[in-house]
Amino acid sequence: MSEPSAVLQIRGLTRRFGGLTAVDRFDVDVNSGEIVSLVGPNGAGKTTVFNLISGVLRPTTGSIRLNGRELVGEPAHRITRHGVARTFQNIRVFPQLTVRENILLGTHHWTRSGMLGSVTFWPPTTRAERAAQAEVETAIDLFRERLEPRLEDPAFALSYANRRRTEIARALAARPKLLLLDEPAAGMNPYERLEMAGLIRSMRDRGLTIFLIEHHMPLVMEISDRVIVMDHGVKIAEGLPKEVRGNPRVIEAYLGRRAATA
Amino acid sequence: MSASPQSVAAIESPHQLKRFWESGPAAWNKALTSPRAMIPFFLVAFAVPLVLQWVEDNSSWIGAQYWTLILATCAMYACLAVALNLVVGYAGLLNLGFIAFFGIGSYAYALVASDQIHQRYPFWAALLVVIAVTLAFALLVGVPALRLRGDYLAIVTLGFGLIMRDLILDLDRPPVLAGHQLGPDGLNITGGTNGIHNVEPFNLPMNLPILGPVPHFRMYYWIFVGFLALCIFCMLRWRNSRTGRAWVAIRDDELAARAMGVNTFKYRLLAFSVSAVMAGIVGMINAAQIFNAFPSPNFDVQTTVVVFIMVILGGLGSLPGAILGAIAFTVPPFVLQQFVFYKYLVISLVLVAVMIYRPEGLLGTVSIRPRQTMGGTLELITAEAAVEASELPAVTDAEAADLEAAAGAIVEDPEWKT
């Protein structure tokens, strides 16, 4: 199953919290240029998987490889440097920073500029800052009419949907190889959700590999190349959207046994 | 870097002034820290003692020296407030041992510029010693303490401050460790409660071109103002650079900062030690100004509290606020000197009123609250953010509705049965 084009390769990933096994021997491959969705009922362990990939949590056992490089054991900030960027389920923009500064944070790990450089107007530092500012323009390209007027506003003053967009733009500015989106369409109205679907597709078309958690089934069915269903920490189904939604185990996980056999 | 044109635009009509007033503290800070405001401020600050001297020379009023000294104290506290603002306001680290670094700086200079241990270094060598010593102490405390979570950092730094005070008081005799005396009899490093006397002032030309001979008190006022200008310049450059953004990001949301590739430990240590070195240099100037290094105000917890009050009164994270806080807390006690018994009452009432009506400080945008989840950092909240928190249930409701819709789609969508 290990194709050479797998960007993300997870094997036997397990995480226990005391007696609870939040993620249990989870395997997945995400190939380059794919949109893979991770779905499952609340508490299935989806966000834990994301936290394990991005280094927020350490796995109990298992291996996570990004383009063949082992990520387990690396601190979170170094994992970002290797090319994983993420967004959070409960949006985590920096409220006191402006939208522009939030997006500039995404450029943090690939720009080099120190404290001495910035007070002495050291040319390489100035160049790095200019490159970072230019990246903001690239990162908001997909959200231009939404975010451009708000660039100098502090993030706490933004609407819910604009905070999501800022968070995604921030992740894009990190120039990731793999983008983890944790419920990007949560709390959005149908129109904004449609926009989000288009957005995710256009990010993929720009060469990104996308792994997302989403609850909104029609959105998942529409945009995913593959769907993985989790329940109680275990992968219960994997396949094309069409295959997965007919799977009785999936229906059982969501609606109980009676609905599955009816 | 990214100054928006409207906030720095000229304020010419009363209408614009009103709009400026209504634009809120974030915009005030931006306007007050622009070069258009800062350069005139420092020019005025530079000229004030000359004006005082002129008034004294041309009237029966005497007090130019007295008021210049008060303003020098004020400038010194402004420097300390700006340095503390870096560690508390930007990086959100509650450093309660802050003033110990001021004391360490003053003692480090006093030791290499007096007869205490018979060392008299030239200015630049002494400056290097002060920087190296304060940095060493900052790393000694910072490296273990900045890995701590939550309020423990405050406890450790407070303990460090108290230990340093006791150490300075006791090092007038050779230390005894496990029954062994370290060093010869009569070894006196810090002078105990007396402090170190006859510290040499900086070897500066006291006869300047144009200005003529400059008296000691005015020279040190200018040194403090100059150092304040340097600190403010550095702060503004850092705040609008990769480093400053990383500090504020760690303060706002440490987890998200880490997920964006910020090495949080490194940046917290940077903020902690840079602020300590700044305080150390202020201590060095102070020792040269008063020819002494004393244990009492230099290491007192009260002095930390005073600087904290200045920063919080002015507004966390706001540089003009830190200067304003220093002025508001050093000048009134001298003005109210004749009402000895009432001056602290008046000051306390003012502080209480500020905390009730503007908990985020005069020019600040955030108020302070200990972080519940993770960190070693303080959570700084905005009024707007507090409103957002109350909106959260609505969001989860929407998510729940989404989920129901999703579940509904599984059974109702006719395509599902194929």
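Select Ala246(B) to start. This residue is buried, because 27 other C-beta atoms lie within 10 Å and the cut-off for buried is 20 or more. Bear in mind that you are looking at a predicted model.

Now show the helix around that residue. Ala246(B) sits in helix 10 of chain B, residues 242-252. Next, display its contacts beyond the neighbours within four places in sequence. They are His108(A), Ala257(B), Val262(B) and Tyr267(B). Note the chain letter on His108(A): this contact of Ala246(B) belongs to chain A. Add Met260(B) and draw a distance. The C-alpha atoms of Ala246(B) and Met260(B) are 9.6 Å apart, although their positions lie 14 residues apart along the chain.

**Chain B: two crossing helices**

Stay in chain B and select residues 64-90, then 301-314. These are helix 5 and helix 14 of chain B, packed at an angle of about 70 degrees with 9 Å between their axes. Helix 5 of chain B is therefore roughly perpendicular to helix 14 of chain B.

Turn on the side chains at the crossing. From helix 5 of chain B, pick Tyr77(B), Leu80(B), Ala81(B), Leu84(B), Asn85(B), Val88(B) and Gly89(B). Facing them from helix 14 of chain B are Val307(B), Phe308(B), Met310(B), Val311(B) and Gly314(B). What classes of residue make up this contact of helix 5 with helix 14 of chain B? Nine are nonpolar and three are polar, with no charged residues.

**Chain B: the N-terminal end**

Colour chain B by domain. The assignment gives domain 1 (1-32), domain 2 (34-381) and domain 3 (385-418). Measure between the C-alpha centres of domain 1 and domain 2 of chain B: they are 30 Å apart. The two domains of chain B touch through ten residues of domain 1 and ten residues of domain 2.

Select residues 25-32. This is helix 3 of chain B, which gives the most to the domain 1 side of that contact, seven residues. By class, that side of domain 1 of chain B has eight nonpolar residues, one polar and one charged.

Step back to residues 14-22. Is helix 2 of chain B well covered or hardly covered? Helix 2 of chain B is hardly covered: zero of its nine residues are buried. After helix 2 of chain B comes Gly24(B), with a positive phi near 90 degrees.

**Chain A: the sheet**

Switch to chain A and show strands. Four of them form an open, antiparallel sheet in the order 2-1-4-5. Strand 2 (20-31) and strand 5 (69-70) of chain A are the edges, each pairing on one side only. Zoom in on strand 1 (residues 6-17) and strand 4 (residues 61-66) of chain A, an antiparallel pair joined by five bridges. Find Ile10(A): its bridge partner in strand 4 of chain A is Ile64(A).

Now add helix 1 of chain A. This helix packs on the sheet and touches strand 1, strand 2 and strand 4 of chain A. Its direction makes about 65 degrees with that of strand 2 of chain A.

**Chain A: where two domains meet**

Last stop. Colour domain 1 of chain A (1-76 + 178-185 + 210-262) and domain 2 of chain A (84-175). Their C-alpha centres lie 28 Å apart. Twelve residues from domain 1 of chain A and nine from domain 2 of chain A make the contact.

On the domain 1 side, select helix 1 (46-53) and strand 7 (178-182) of chain A, which each supply at least two residues. Strand 7 of chain A has the largest share, five residues. That side of domain 1 of chain A holds eight nonpolar, two polar and two charged residues.

Definitions and conventions:
Residues numbered from 1 in each chain as written. Chains lettered and ligands numbered in written order. Predicted model: local features only at pLDDT ≥ 70, side-chain atom pairs only at ≥ 80, totals over all residues. Domains from an automatic or database assignment. Contact = placed C-beta atoms within 7 Å. Helix = DSSP H or I, 4+ residues; strand = E, 2+ residues; numbered from the N terminus. Nonpolar A, V, L, I, M, F, W, Y, C, P; charged D, E, K, R; others polar. Pairing = 2+ DSSP bridges. Axes fitted to C-alpha atoms, helices over the stretch in contact; angles between N-to-C directions. Parallel < 35°, antiparallel > 145°, perpendicular 65-115°, else oblique. Buried ≥ 20, exposed ≤ 12 C-beta atoms within 10 Å, placed from the backbone.
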